[in-house]
Amino acid sequence: MHEILSQDKTLFTESVKNYQKLVDILIESKNEDEISAISYSDIAEIMGYSQTWVRKAMKRLNTEDACIKMIATAKYVVNYTNILLKGVFFEISKLIIEFCMVPELILKKEAEIAAEQGISLKTIQMLKSYHLWKHVSHTPHQLPYSSKKRAKVS
């Protein structure tokens, strides 16, 4: 995974690296019972981010399924170790491929794409936040920024 990500520095690849680092920190802090016992503040200090970022990142990782389950204060169970093989980043990666194969998919409404793909609307919004549509389209076109407004991408 890291060989692919090291070749390209985009918001998406850097985000994947950061979210994977968060999961790796939790894995490294597992005890003999497979429970990660580490506080938001300790994770934040290791990563160099705020506790709020850590809390929100855990929530984002759980957008499609339970990657990280909080079982008590500062105690977690990590359900899978590679975020590109399962979960929200896996779904975003699948969408990137789908958009490359079917560029007109980008023109559909967010809710329609989410329903067709069987994923959360939040996952579609995360995809858009990474500006990936610029990379998956070969020609400029209209993109749905919301169901009410459209903007041109150059």
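This report covers a positive surface patch and three residues in helices.

The model is predicted: local features need pLDDT of at least 70, side-chain atom pairs count only at pLDDT 80 or more, and totals for chains, interfaces and linings use all residues. Residues are numbered from 1 along each chain as its sequence is written, and side-chain values use heavy atoms, with hydrogens and water left out.

**The positive patch**

Arg55, Lys56, Lys59 and Lys122 form a patch of positive charge on the surface. Such a patch takes residues with over 30% relative accessible area and no salt bridge, and joins like charges within 9 Å. A salt bridge is a side-chain nitrogen of Lys or Arg within 4 Å of a carboxyl oxygen of Asp or Glu. Helix H4 (residues 51-61) gives the most to the patch, with three residues. Helices are DSSP runs (H or I, at least four residues), numbered from the N terminus.

**Three residues compared**

Buried means under 20% relative accessible area, exposed over 50%, and partly exposed in between (1.4 Å probe, protein chains only).

| Residue | Helix | Relative accessible area | Class |
|---|---|---|---|
| Lysine 56 | H4 | 39% | partly exposed |
| Glutamate 91 | H5 (residues 88-101) | 16% | buried |
| Glutamate 28 | H2 (residues 11-28) | 68% | exposed |

**Surroundings of the glutamates**

Glutamate 91 is in contact with Glu64, Ile119 and Thr123, leaving aside neighbours within four places in sequence. Contact means heavy atoms within 4.5 Å. Glutamate 28 sits 9.9 Å from isoleucine 38, C-alpha to C-alpha. In sequence, glutamate 28 and isoleucine 38 are 10 residues apart.

How values were computed
Patch = residues over 30% accessible without salt bridge, like charges linked within 9 Å, V, L, I, M, F, W, Y side chains within 5 Å. Areas by Shrake-Rupley, 256 points an atom, 1.4 Å probe, with all protein chains shown as cover. Lys, Arg positive; Asp, Glu negative; His and termini not counted. Charge placed at Lys NZ, Arg CZ, Asp CG, Glu CD. Helix = DSSP H or I, 4+ residues; strand = E, 2+ residues; numbered from the N terminus.
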